[in-house]
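Got the viewer open? Let's take a walk through this one, stop by stop.

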Amino acid sequence: MTIHVLRPGFTAVYINALAAHIIPRRAFASNEQVWQFVATVKERMRAAGG
């Protein structure tokens, strides 16, 4: 099961209980890009059945 977590300084996509991809906020040019990324992650998680 994949879990997405949004925090003030980063966003994380957990791929299992012990591993996650951590993406710092500075990787995005704007807050809108952060929200677009979050929406894309959620959409792909639903499509994958997660």
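Below is a tour that goes from the whole chain down to single side chains.

**Stop 1: the whole chain**

Before you click on anything, keep in mind that this is a predicted model. Show the protein chain as a cartoon and you should find 1 helix and 3 strands. Follow the ribbon from the N terminus, and the elements come in the order β-β-β-α.

Now switch to C-alpha atoms. They fill a box of roughly 30 × 25 × 15 Å along the principal axes. How does the radius of gyration fit a compact globule? For 50 residues such a globule would come out near 10 Å, and the protein chain has 11 Å, so the two agree.

Turn on the surface next. The accessible area of the protein chain is about 3800 Å², and carbon and sulfur atoms account for 56% of that. Buried residues make up 22% of the 50 residues. As for contacts, take those between residues at least 6 apart in sequence: 21% of them link residues at least 24 apart.

**Stop 2: the sheet**

Select the three strands together. They make an open sheet, ordered β1-β2-β3, with antiparallel pairing. At the edges sit β1 (3–6) and β3 (19–24), each of which pairs on one side only. Look along the sheet for the twist, which averages 15° from one strand to the next. If you want to draw the links yourself, go for the backbone: strands of a sheet pair through backbone hydrogen bonds.

**Stop 3: first hairpin**

Zoom in on β1 and β2 (residues 10–16), an antiparallel pair with 4 bridges. The two form a hairpin, with 3 residues between them. Which residue of β2 stands opposite Leu6? Click across and you land on Thr11. Try the same from Ile3, and you arrive at Tyr14 in β2.

**Stop 4: second hairpin**

Slide over to β2 and β3. These run antiparallel too, joined by 6 bridges. The hairpin connecting β2 to β3 does so through 2 residues. For a landmark, pick Val13: its bridge partner in β3 is His21.

**Stop 5: Val5**

Go back to strand β1 and select Val5. Is this residue buried or exposed? Its relative accessibility is 17%, and buried means under 20%, so Val5 counts as buried. Leaving out residues up to four places away in sequence, Val5 touches Phe10, Thr11, Ala12 and Tyr14. Fancy trying the distance tool? Val5 and Gln33 are 28 residues apart in sequence, and their C-alpha atoms lie 16 Å apart in space.

**Stop 6: the helix**

Select α1, residues 31–47. This helix lies across β1, β2 and β3, and runs at about 165° to β1.

**Stop 7: an aromatic pair**

For the last stop, show the side chains of Phe28 and Phe37. How many aromatic pairs does a search of the whole structure find? There is 1, and you are looking at it: Phe28 and Phe37 form a tilted pair, 5.4 Å centre to centre, with 50° between the planes.

Colour both by accessibility before you leave. Phe28 is buried, with a relative accessible area of 17%. Phe37 has a relative accessibility of 24% and counts as partly exposed. The 20% cut-off for buried falls between those two values, which is why Phe28 counts as buried and Phe37 as partly exposed.

Terms used: Residues are numbered from 1 along each chain as its sequence is written. This is a predicted model: local features need pLDDT of at least 70, side-chain atom pairs count only at pLDDT 80 or more; totals for chains, interfaces and linings use all residues. Side-chain values use heavy atoms; hydrogens and water are left out. Two strands pair if DSSP finds at least two bridges between them. Axes are lines fitted to C-alpha atoms, for helices over the stretch in contact, and angles run from 0 to 180 degrees between N-to-C directions. Contact means heavy atoms within 4.5 Å. The radius of gyration is taken over C-alpha atoms; the globule rule is 2.2 Å times the number of residues to the power 0.38. Buried means under 20% relative accessible area, exposed over 50%, partly exposed in between (1.4 Å probe, protein chains only). Accessible areas come from the Shrake-Rupley method with a 1.4 Å probe; for residues, only the protein chains shown count as cover. Rings of Phe, Tyr and Trp (its six-membered ring) pair if their centres lie within 6.5 Å; planes under 30 degrees apart count as stacked, over 60 as edge-to-face and the rest as tilted.
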